[in-house]
Each structure stands twice: as structure tokens, then as C-alpha cells.
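Biologist: Please take one part of this model and go through it closely. Give the cut-off behind each term when it comes up.

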Amino acid sequence: MNKTAIVTGIFGQDGAYLAKLLLEKGYKVYGFIARRSTPVDWRLKELGIENEVEYIEGDLTDVSSLIRAVNIAKPDEFYNLGAQSFVGTSWKQPILTAQSTGLGVLNCLEAIRLSNSDIKFYQASTSEMFGLIQEPIQSEKTPFHPRSPYGVAKLFGHWMTINYRESFNIFGCCGILFNHESPLRGIEFVTRKVTDAVARIKLGCQKDLHLGNIDAKRDWGFAGDYVEAMWKMLQQDKPDDYVVATGRTTTVRDMCKIAFDYVGLNYEDYVVIDPKFYRPAEVDLLLGNPKKAKEVLNWEAKTSLEDLIKMMVEADLRRVNKELKVKD
Ligand code: NAP
Ligand code: G4F
């Protein structure tokens, strides 16, 4: 019989790719969606799946809406991807971040415990929990030291998931995912901010690009690859936690170079360092060790950073070209 899944955060980058993957595997997919004043389903539309998902309204901060959703969908699997996920915003709205990104996880776990504790649960943990890194290459065994209210909230959700596994035998898995990007990435994140700017500069409708700390290093992969790891975690016999990463780290500066080079421009002619984009505390370096995911899940990243940036620049060139045609 086909399986059923609930996905919170389905209108976000990962939610869209995961929904597509689950639909391709024959799942019935319910999207748990927070009410917003304007429609935000553009990612599902880009993937052509907006009419294949059933939607249930609710909010991660409202446990009753989660219990209602679980009772309606009766899922086999519950993927919690919903969160206030932008690190920069977490200093401006720390309490909202704690409530949705942190307590929201406990609300999901309680909804499962109270309704049907056989539901398998995936928690979107993050490399941001490593923060001030304690080891040069981070694995499942590396101690955490979060550097932002977002990282602290995620760590609460991470440990709650482990605690519900140990206390109530809930099949809860945490994917400690390193940065993953795509043409569906939100414009506020640095890769997409860069590829959008590259397209606009190339097409003559933007002059320069203001960035913060371009010496920060990230382990960047493709979101389309990473959602497969999420699914694989819930297909194992035993619940566990996994680092999902490429094993390569690159500075923001070099990522800019890759993006500008792709359209034949020199990033140094356009990037302006703007202290406005510095963070109160920075995560200088992230580099993941995906060995366990490879050994247990038979998962590995397939897309190089160069191919990823090319895919993103091309998508942004298409979007900006379309915008310009509409204006003509
Ligand atoms: P995203 O694009 O920001 O998507 C998050 C989604 O959660 C959005 O659709 C958002 O809706 C929704 N949401 C926010 N607050 C909510 C609430 N209170 N109730 C219900 N839904 C809510 O993030 P993503 O990049 O897809 O990431 C997916 C998950 O993985 C997130 O939990 C993120 O923290 C985590 N993660 C991401 C990465 C990465 O590199 N992408 C790495 C590690 C972990 P609105 O936009 O309408 O608020
Ligand atoms: O793209 P970012 O905003 O991603 P960040 O902070 O690493 O967080 C992302 O990855 C996490 C996984 O490690 C997720 F959990 C989280 O939800 C999110 O998806 O920033 C990347 C780096 C930072 O060091 C930042 O300081 O780029 C640096 N940066 C430099 N200038 C900038 C900018 N970041 C942004 N967003 N905008 C800038 O202008």
C-alpha cells in the first residue's frame, strides 16, 4: 500500500524538493502550511506539483493544529522542515525563532506521541549547531557550540528528538544537514543573493553587490540531492542521526568568483563589502564528514559546487530576462 507523509515547511526550498521526491515514490503528500497574507507556493509551481499535494492549515507554534493535522492525514512519516531558517533574522526575532524553530519541534513530537507514536519523524537539524567548531571536520560525534539564536533553537529541537526516541521509543531521526542550495533557494541566503545579482548585473539592471563576511567558509551541496538523504533515514530499520554534507568547503569569496566567472565577469569589479551584513557572531568554517551517510544510507552528494552555481545562475538569468520582457 502507498505511504502517506506530512511535510511541514512544504512551501520552502527543501519542502518543495522533498514533496516532489515523495510524489514520485507514490506517497500521498500533505503539506502543513502556515497562513500568509499572500500566496507563497511559487516553488511547488516551478516544480509543477502544486495541485498534487493536499494542504492542511496550521502553525508549528500551535500544537492543537499539529494534532489536528496528524489526525486528518494519518501519516506513516512526518518530515519537520518548517522553521524560521534565516540565521540573520534570528538575532532580530530571537523569540519567534525559539518558538517556531525550537519549540515547534517539541510540538510535532507531542502531536505524534499523543496521536500515534508509530509515525516516523524526521527533524531538520543543521550544521549551524556546530557554530564555533570544536573539530576541523564535523561529524555526528563533534560537540556542538551554536553561535546564533537559530543555532540554539535548532539544538533544542535536535536533543528533543533524541530524547523522545530514548524516552518514548519514537522513530525520530535528525539529519544534520550542511548548507544546501538550489534555484529554489530564498533570495536572502548568500548563494542565491549572489546568483540573482550576477544575472541582474549581466543583464544591465544592477550595478554592484553588497555582501558581509566573504571569508566565511561553507560546505555547499544541492538541495535536490539532500532530500533523498532525509527519505533514506526514515527507511532504515533503526532511527539514528546523520551528517549530510559534500566534504568540501569553499569561501563565500570563491563562490562569488565561480558565479561571476560563469558569465564572464570579474567579481572584484562588483562586490562591495558592507558591514550591514556582518553578523553579531559568525560561523567561520563548516566542513562536514558524510562517511556515516555513505556507509549506512548509501547516500552521497552528486552535484559539484560549480554545477550547482551554474544551475542557479542560469535559472536567475531566465527569471530576470522574463521580468525585463514584462516591463517592455
Ligand atoms: P526555508 O526555505 O526557509 O523553508 C522553511 C519553511 O518553513 C517556509 O515555508 C516557512 O514559511 C515555514 N515556516 C516558518 N515558520 C513556520 C511556522 N511557525 N509554522 C509552519 N511553517 C513555518 O528553509 P529550507 O532551506 O527549505 O530548510 C528546510 C529546513 O531545513 C529548515 O528547518 C531549515 O532550518 C533546515 N536546514 C536548512 C539548511 C539549508 O542549507 N537549506 C541546512 C540545514 C538545515 P514562510 O516562509 O511562509 O514563513
Ligand atoms: O547563506 P547564509 O545566510 O547561510 P547560513 O548562515 O550558513 O545558514 C544556512 O545554512 C545553515 C546550515 O549550516 C542552515 F541551517 C540555515 O537555515 C541556512 O540555510 O550565509 C552563509 C555565509 C555566512 O557566513 C554569512 O555571514 O555567508 C556569509 N555572508 C556574507 N555576506 C552573507 C552575506 N550571508 C547572507 N545571507 N548575506 C550576505 O550578504
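**One sheet edge and two ligand sites**

Modeller: Strand β6, residues 172–177, pairs with β11 in the parallel sense over four bridges. Strands here are DSSP runs of E with at least two residues, helices are runs of H or I with at least four, both numbered from the N terminus, and pairing takes at least two bridges found by DSSP. The model is predicted, with pLDDT of at least 70 needed for local features and 80 or more for side-chain atom pairs, while totals for chains, interfaces and linings use all residues, and side-chain values use heavy atoms without hydrogens or water. Residues are numbered from 1 along each chain as written, chains are lettered from A and ligands numbered from 1 in written order.

Within the β6 and β11 pair, Leu 177 stands opposite Val 244 of β11. The pair belongs to an open, parallel sheet of seven strands in the order β3-β2-β1-β4-β5-β6-β11. Because β3 (54–57) and β11 (241–244) stand at the edges with a single partner strand each, one side of each has no neighbour in the sheet. On average, neighbouring strands of the sheet are turned by 20° against each other, direction ignored.

Helices lie across these strands. Helix α8, residues 223–233, lies across β4, β5 (120–126), β6 and β11, and runs at about 160° to β6. Helix α1, residues 13–24, lies across β1 (4–8), β2 (28–33) and β4 (77–80), at about 175° to β1. Contact means heavy atoms within 4.5 Å; axes are fitted to C-alpha atoms, for helices over the stretch in contact, with angles from 0 to 180 degrees between N-to-C directions.

Ligand 2 has 24 residues around it (a heavy atom within 4 Å). Those that come nearest are Thr 126, Ser 127, Tyr 150, Arg 279 and Glu 282. Tyr 150 has a side-chain N or O atom 2.7 Å from an oxygen atom of ligand 2, a polar contact (N or O atoms within 3.5 Å). Asn 179 places a polar side-chain atom 2.8 Å from an oxygen atom of this ligand, and for Arg 185 the corresponding distance is 2.9 Å. Ligand 2 taken alone exposes 710 Å², of which the protein buries 96% (Shrake-Rupley, 1.4 Å probe). At least two residues of the shell around ligand 2 come from α7 (190–202), and at least two from β8 (209–211).

Ligand 1 is also surrounded by 24 residues, and Tyr 150 is again among the closest, along with Asp 14, Arg 36, Ser 85 and Lys 154. Lys 154 has a side-chain N or O atom 2.8 Å from an oxygen atom of ligand 1. The backbone takes part too: an N or O atom of Leu 81 lies 2.9 Å from an oxygen atom of ligand 1, and a polar backbone atom of Ala 83 lies 3.2 Å from an oxygen atom of that ligand. Taken alone, ligand 1 exposes 890 Å², and the protein buries 86% of that. The elements giving two or more residues to the shell around ligand 1 are α1, β5 and α6 (149–168). Of these, β5 gives the most, with three residues.

Conventions: Polar contact = N/O pair within 3.5 Å; in protein donor to acceptor, adjacent residues only side chain to side chain.
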